[in-house]
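Please open the model in your viewer and keep the selection tool at hand. The stops below say what to select next and what is there.

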Amino acid sequence: MLNSTQAGLQNLGRILFLIYIILLIYDGALRKWIFPTYEKYIFFVKDIIFISIVGSALFVLKGRKFSGLPIALKTVVPIYVLCVLLNAFNPNLPSPLVGFLGIKLHLMPIFLIVVVAALYQNLNNFLDHGKRLLPLLVIPVCLIAIAQVSAPQDSILNHAVRGGLNSVPNMRDLTRASGTFSYVTGFGAFLIAMFSLTLVANISTKFKINTSLFVLLIVISSLPTNGSRAVLMSAAIIAILTFTAIIWKRLIDISTIIKVFSVLGVSLILVVIANPDPWQALMHRFMTSYHLPGETARFHSGITNALN
């Protein structure tokens with residue numbers, strides 16, 4: 001049982017965690033459209049809140065015993081940390097500060113494992129909270145992204161951080177959406193994460209018509225707006241692995257799986273028919289990328305650059 005101090009810190013930590021997630025998703029909107037003059041300070045606000053959350057979590061966890069971490073986590077995290085450190089201490093970096101910022105940005109979020117363990121009694125409790133918040137966190141961002149693609153490059157919706165049209169990338173004749181994030185890469189990571197979460201959120205309901213299914217379809221319709229091939233490839237791989245695991249563990253019977261694939265297939269066709277331009281523009285990027293110097297190398301250079 002938690003004492004009153006720990007319980008108070010746990011509630012405070014949950015509130016701060018929600019504020020942090022909102023800032024994480026909407027920091028680009030604040031930096032681009034609301035506080036462009038003070039955009040640099042938003043980074044510090046996020047870091048201060050995150051450190052406060054971790055501090056609260058460590059105090060709540062004081063004296064609590066835990067079972068061992070999953071083997072997959074023990075395997076993946078050290079490999080990820082090693083790749084980050086190799087890149088951070090690459091002597092070819094223009095400044096050691098770049099490597100330090102890379103360590104902070106990549107390794108700080110690992111503490112979220114500690115935060116979730118401290119602020120929520122179990123994983124189901126955390127997922128229940130997340131499912132209720134998903135529509136509020138996902139739908140506005142995706143609708144903004146769809147509007148960005150349709151808007152011209154010089155629209156206020158497509159203003160870049162610190163201004164300048166040169167930093168707003170295109171795909172064919174459309175603008176690549178950054179959503180409420182500072183850059184298209186941040187929105188790409190968001191789309192992959194939200195696709196994963198909304199997919200998992202629908203497993204317990206066996207993909208019946210509900211709010212979670214609607215949110216999943218909104219995310220799917222937004223996947224091409226970012227103009228990133230990696231987003232679609234990652235989403236496809238995640239879907240294949242998820243459904244393979246569902247079938248293997250017999251969480252859903254075969255007849256339900258067939259119904260799910262039918263519903264998702266028809267929904268995807270309707271989404272493409274309703275808004276074909278982003279899908280066609282992204283397909284154009286797929287078909288023409290091999291003509292551009294360096295495009296093929298980008299598939300593996302993110303890891304191997306540290307060894308150059």
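In which kind of crossing, left-handed or right-handed, does H9 pass H10? To find out, keep in mind that this is a predicted model, and select helix H9, residues 229-248, together with helix H10, residues 254-274. The crossing in which H9 passes H10 is right-handed. On the H9 side, the contact is made by Phe243, Ile246 and Ile247, while H10 contributes Ile254, Ile257, Val260, Phe261 and Leu264. Sorted by class, this contact of H9 with H10 has eight nonpolar residues, with no polar and no charged ones. If you now look along the two helices, their axes come within 11 Å and cross at roughly 160°. Because of that angle, H9 counts as roughly antiparallel to H10.

Stay in this region and select Arg250, whose place is in the loop between H9 and H10. Its phi is near 55°, which is a positive value in a residue other than glycine. Arg250 is exposed, with a relative accessible area of 75%.

A second residue with a positive phi can be visited next: select Lys206, which is found in the loop between helix H7 (184-201) and helix H8 (211-222). Lys206 is not a glycine, yet its phi is positive, at about 55°. With a relative accessible area of 38%, Lys206 is partly exposed.

Now move to another pair of helices by selecting helix H1, residues 4-34, and helix H5, residues 112-119. Their axes lie 10 Å apart, and the two helices pack at an angle of about 135°. This angle is the reason why H1 is described as oblique to H5. H1 passes H5 in a left-handed crossing. To see where they touch, show the side chains of Gln10, Gly13, Arg14 and Phe17 in H1, which meet Leu112, Val115, Ala118 and Leu119 in H5. The residues of this contact between H1 and H5 divide into five nonpolar, two polar and one charged.

The next selection is helix H2, residues 41-60, a helix of 20 residues. From its first C-alpha to its last, H2 reaches 29 Å, which is close to the 28 Å expected at 1.5 Å a residue. Which residues of H2 are buried? They are Ile42, Lys46, Asp47, Ile49, Phe50, Ile53, Val54, Ser56, Ala57 and Val60. If you then display the surroundings, you will find that what covers the buried residues of H2 includes H1, helix H4 (96-107) and H5.

For the last stop, select helix H6, residues 123-150, where Ile144 has its place, and where Gln148 is also found. Is Gln148 buried or exposed? At 1% relative accessibility, Gln148 counts as buried, because the cut-off for buried is under 20%. Leaving aside residues up to four places away in sequence, Gln148 touches Lys32, Trp33, Leu157, Asn158, Thr175, Ala177, Ser178 and Gly179. Ile144, by contrast, is partly exposed, with a relative accessible area of 22%. With that same allowance for sequence neighbours, Ile144 touches Trp33, Gly179 and Thr180. Finally, draw a distance from the C-alpha of Ile144 to the C-alpha of Ser222: these residues are 78 residues apart in sequence, and 9.7 Å apart in space.

Notes: Residues are numbered from 1 along each chain as its sequence is written. This is a predicted model: local features need pLDDT of at least 70, side-chain atom pairs count only at pLDDT 80 or more; totals for chains, interfaces and linings use all residues. Side-chain values use heavy atoms; hydrogens and water are left out. Axes are lines fitted to C-alpha atoms, for helices over the stretch in contact, and angles run from 0 to 180 degrees between N-to-C directions. Helices (H or I, at least four residues) and strands (E, at least two) are DSSP runs, numbered from the N terminus. Angles under 35 degrees count as roughly parallel, over 145 as roughly antiparallel, 65 to 115 as roughly perpendicular and the rest as oblique. A crossing is left-handed if the near helix is turned anticlockwise from the far one by less than a right angle, and right-handed if clockwise. Contact means heavy atoms within 4.5 Å. Ala, Val, Leu, Ile, Met, Phe, Trp, Tyr, Cys and Pro count as nonpolar, Asp, Glu, Lys and Arg as charged, and the others, Gly among them, as polar. The expected span of a helix is 1.5 Å times one less than its number of residues. Buried means under 20% relative accessible area, exposed over 50%, partly exposed in between (1.4 Å probe, protein chains only).
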